[in-house]
Amino acid sequence: MPARAADARDARRSAAAPRSARERILQTAHDLFYLEGVRATGIDRVIAESGVTKVTLYRHYPSKNELILAFLDYRHERWMAWFDAALLRFGDDAAALAPALAEWFAHPQFRGCAFINAVAELGPTLPQAIERARAHKRAMQARIAALLPAGPARETRARALAVAVDGAIVRAACDGEAADALDALRCLVATTMAKQPR
């Protein structure tokens, strides 16, 4: 997620008060799981980089699976807060989707959607991760629906735009170049808005 505002807020928070061991573990896991992958990141690496002991980590997160689920919950909160703020910055209507995503895609630590990545990595081995991904996508779609005028087709259009947003995220992550994905999203937004009933 574009972390400029979140990073600045986290930096202010950490300067104001030392983070607890639990917070350090979660922040470290968040960064490593998102940037390098859930499976590729071992617990020993999280322990070393968060500066805690193995006993401390397992006291807060008794298994790696519990840490993964905490990471997904934390990621959801951070990403949705960013998404809401970005949409507001760019006009808080459907046309705000492309510039908001462009901001995220331009971030040097953009690695796609943490939820799509986690489901792809974990598959059915951690069903709770799939449920969290579904909940995240429902929340994203609800926020997109709020950008659209009320009407009988609102939910259908929000679902189409949510799928297009996910497609743009995947293309930007795979291609390393977001322009085509964003152009396609802008085109779909324009088409969707043109079909709004008068």
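In this predicted model, Leu97 is in contact with Phe83, Leu87, Ile144, Leu147, Leu161, Val165, Leu185 and Val189, once its neighbours within four places in sequence are left aside. Leu97 is also listed, together with Leu67, Phe83, Trp104, Phe105 and Ile144, among the residues that touch the most other members of the largest nonpolar core, a set of 61 residues. The protein around this core has 10 helices and zero strands, and buried residues make up 44% of its 198 residues.

**Overall build**

- From the N terminus on, the elements run α-α-α-α-α-α-α-α-α-α.
- Among contacts between residues at least 6 apart in sequence, 67% join residues at least 24 apart.

**The largest nonpolar core**

- In soluble globular proteins, nonpolar side chains tend to be buried together.
- The elements that give two or more residues to this core are helix 2, helix 3 (43-50), helix 5, helix 6 (97-105), helix 7 (114-122), helix 8 (127-145), helix 9 (154-175) and helix 10 (179-194).
- Helix 5 gives the most to this core, its contribution being 13 residues.

**Packing of helix 2 against helix 5**

- Two packed helices are described by the angle between their axes and the distance between the axes.
- Helix 2 (residues 21-36) and helix 5 (residues 64-89) pack at an angle of about 85°, and their axes are 9 Å apart; because angles from 65 to 115 degrees count as roughly perpendicular, helix 2 is roughly perpendicular to helix 5.
- On the side of helix 2, the residues that take part are Ile25, Leu26, Gln27, Ala29, His30, Phe33 and Tyr34, and they meet Lys64, Leu67, Ile68, Ala70, Phe71, Tyr74, Arg75 and Arg78 in helix 5.
- Sorted by class, this contact of helix 2 with helix 5 has 10 nonpolar, two polar and three charged residues.
- Leu67 appears in this contact with helix 2 and is also among the core residues that touch the most other members.

**Salt bridges**

- Side chains of opposite charge can pair when their charged atoms come close, and a search of the whole structure finds 11 salt bridges.
- Asp84 forms a salt bridge with Arg143, where the closest N and O atoms are 2.6 Å apart; since Asp84 lies in helix 5 and Arg143 in helix 8, the pair ties together parts that are 59 residues apart in sequence.
- The two partners of that pair are placed in separate exposure classes, for Asp84 counts as partly exposed at 31% relative accessibility, whereas Arg143 is buried with a relative accessible area of 13%.
- Arg89 forms a salt bridge with Glu103, with the closest N and O atoms 2.5 Å apart, and this pair links Arg89 in helix 5 to Glu103 in helix 6, 14 residues apart.
- Arg89 counts as partly exposed at 46% relative accessibility, while Glu103 at 19% counts as buried, the cut-off for that class being under 20%.
- Lys54 forms a salt bridge with Asp44, the closest N and O atoms lying 3.5 Å apart; Lys54 is in helix 4 (residues 54-60) and Asp44 in helix 3, so far as the chain is concerned 10 residues apart.
- Lys54 itself counts as partly exposed, at 45% relative accessibility.
- Glu36, Arg45 and Glu49 are linked in a network of salt bridges.

**Individual residues**

- Thr192 is found in helix 10 and is buried, with a relative accessible area of 7%; apart from neighbours within four places in sequence, Thr192 is in contact with Arg157 and Leu161, and Leu161 is also a contact of Leu97.
- Asp92 is found in the loop between helix 5 and helix 6, where its phi is near 55°, a positive value in a residue other than glycine, and Asp92 counts as partly exposed at 32% relative accessibility.
- Tyr58 is found in helix 4 and is partly exposed, with a relative accessible area of 33%.
- Not counting residues up to four places away in sequence, Tyr58 touches Ile43 and Ser63, and the C-alpha atoms of Tyr58 and Ile47, 11 residues apart along the chain, are separated by 9.8 Å.

Notes
Residues numbered from 1 in each chain as written. Predicted model: local features only at pLDDT ≥ 70, side-chain atom pairs only at ≥ 80, totals over all residues. Heavy atoms only, no water. Axes fitted to C-alpha atoms, helices over the stretch in contact; angles between N-to-C directions. Helix = DSSP H or I, 4+ residues; strand = E, 2+ residues; numbered from the N terminus. Parallel < 35°, antiparallel > 145°, perpendicular 65-115°, else oblique. Contact = heavy atoms within 4.5 Å. Nonpolar A, V, L, I, M, F, W, Y, C, P; charged D, E, K, R; others polar. Core = buried A, V, L, I, M, F, W, Y, C linked by side-chain atoms within 4.5 Å. Buried < 20%, exposed > 50% of the residue type's maximum accessible area, 1.4 Å probe, protein only. Salt bridge = Lys/Arg side-chain N within 4 Å of Asp/Glu carboxyl O.
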